[in-house]
Amino acid sequence: MKPLEIKQMGYVTDDIEASALAWVETMGAGPFFILPDMGFQSWTYHGEPQQMTLDIAFGQVGDMMIELIRPNGQWPNVYGNSMPRGCVPHHHGILVADVEAGARSLGREAVTRAELSAETELRYFDCRDQTGLFLELITDNEESRGFFATAIEATENWDGKSSPVRPISVGEN
């Protein structure tokens with residue numbers, strides 16, 4: 001198997017802004033962009049449709065994107081049985097050219113499938129028995145690369161202090 005490049009570490013949190021500020025203060029990450037109430041064209045959990053939106057914050061630390069997620073939807077879901085306290089590790093995020101082929105290579109069923117747009121899909125796989133976390137496969141395309149580029153470009157031009165947490169709208173990333 002060709003090695004997969006982890007591009008993102010995902011965490012579930014009950015407080016997006018506090019977690020983002022903790023990453024800035026502790027690890028020098030950032031700046032973080034907050035995208036509230038991100039919706040999906042479709043979302044399933046164990047093959048069943050589920051209503052879900054996410055408040056997310058994303059920023060960069062070194063070569064790694066940090067994604068902070070606050071789920072807004074039914075429990076249980078891919079993020080757990082209930083909202084965790086604090087900020088807990090959840091997944092490794094990987095960009096793949098072909099999500100279906102990537103899924104086949106894992107040899108397991110997706111816990112969650114979601115469509116961000118007609119071109120961009122994500123799937124979560126429970127790999128905690130092998131890697132300690134879930135694995136998120138994300139369609140590698142212009143839309144998803146733009147999302148990652150936003151964090152990288154902001155880090156390159158950031159002084160490490162000003163506006164560590166910033167709002168963003170879907171059209172901006």
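1. Two strands count as paired if DSSP finds at least two bridges between them. That rule sets up the sheet described here. The model is predicted.

2. Start with the sheet as a whole. It is open, has eleven strands and shows mixed pairing. The strand order runs β4-β3-β8-β9-β10-β7-β1-β6-β5-β2-β11. At the edges sit β4 (48-49) and β11 (165-167), each of which pairs on one side only.

3. Now strand β1, residues 6-13. Six of its eight residues are buried, so β1 is largely enclosed by the rest of the structure. To β7 (residues 87-96), β1 is joined by seven bridges, and the two run antiparallel. Two residue pairs place this register. Thr 13 has Cys 87 of β7 as its bridge partner. Tyr 11 stands opposite Pro 89, also in β7.

4. The link from β1 to β6 (residues 64-73) has the parallel sense. It is made by five bridges. Val 12 finds its bridge partner in Ile 69 of β6.

5. How many residues of β7 are buried? Seven of the ten are, so β7 is largely enclosed by the rest of the structure. Besides its pairing with β1, strand β7 pairs with β10 in the parallel sense, over six bridges. There, Val 96 has Thr 139 of β10 as its bridge partner.

6. The β11 end of the sheet deserves a line. β2 and β11 are parallel and share three bridges. Phe 32 is matched with Val 165 in β11.

7. Ile 66 belongs to β6. With a relative accessibility of 2%, Ile 66 counts as buried, because the cut-off is under 20%. Leaving out residues up to four places away in sequence, Ile 66 touches Met 9, Tyr 11, Trp 23, Phe 32, Ala 57, Phe 58, Gly 59 and Val 61. Of those partners, Met 9 and Tyr 11 fall in the range 6-13 of β1. Ala 97 is 31 residues from Ile 66 along the chain, and their C-alpha atoms are separated by 21 Å.

8. Helix α4 covers residues 142-156. Why does its length check out? At 1.5 Å a residue, its 15 residues should span 21 Å, and the end C-alpha atoms are 20 Å apart, which agrees. At the start of α4, a side-chain oxygen of Asn 141 comes to within 3.1 Å of the backbone nitrogen of Glu 143.

9. Which elements do the buried residues of α4 pack against? They pack against β1, β2 (32-38), β5 (52-61), β6, β7 and β10 (134-139). The buried positions in α4 are Ser 144, Phe 147, Phe 148, Thr 150, Ala 151 and Ala 154.

10. Two loop residues merit a look. First, Gln 50, placed in the loop between β4 and β5. Is Gln 50 buried or exposed? Its relative accessible area is 9%, so Gln 50 is buried. The Gln 50 side chain reaches the backbone oxygen of Pro 76 at 2.9 Å. Beyond its neighbours within four places in sequence, Gln 50 is in contact with Trp 43, Thr 44, Tyr 45, Gln 74, Pro 76 and Asn 77.

11. Second, Val 111, in the loop between α2 and β8 (112-115). Val 111 counts as buried, at 10% relative accessibility. Not counting residues up to four places away in sequence, Val 111 touches Thr 44, Tyr 45, His 46, Val 78, Tyr 124, Asp 126 and Phe 134. Thr 44 and Tyr 45 also appear among the contacts of Gln 50. Phe 125 lies 14 residues from Val 111 along the chain, with 5.5 Å between the C-alpha atoms.

12. Last, the second largest pocket. Its volume is about 270 Å³. The lining is made of 13 residues, and those nearest the centre are Pro 3, Leu 4, Ile 94, Leu 95 and Val 96. β7 and α2 (99-106) each supply at least two lining residues. What gives the most to the lining? β7 does, with three residues. Val 96, listed among those nearest the pocket centre, is also the bridge partner of Thr 139 in β10.

Notes
Residues are numbered from 1 along each chain as its sequence is written. This is a predicted model: local features need pLDDT of at least 70, side-chain atom pairs count only at pLDDT 80 or more; totals for chains, interfaces and linings use all residues. Side-chain values use heavy atoms; hydrogens and water are left out. Buried means under 20% relative accessible area, exposed over 50%, partly exposed in between (1.4 Å probe, protein chains only). Helices (H or I, at least four residues) and strands (E, at least two) are DSSP runs, numbered from the N terminus. The expected span of a helix is 1.5 Å times one less than its number of residues. Contact means heavy atoms within 4.5 Å. A polar contact is a pair of N or O atoms within 3.5 Å; within protein, one must be able to donate a hydrogen and the other to accept it, and residues adjacent in sequence count only if both atoms are side-chain atoms. On a 1 Å grid over the protein atoms alone, a cavity is a set of points where a 1.4 Å probe fits but cannot get out, and a pocket is an open set with protein on both sides within 12 Å along at least five of seven lines; lining residues have an atom within 4 Å of a point. Grid points are joined across faces, edges and corners, and a volume is the space filled by probe spheres set on the points.
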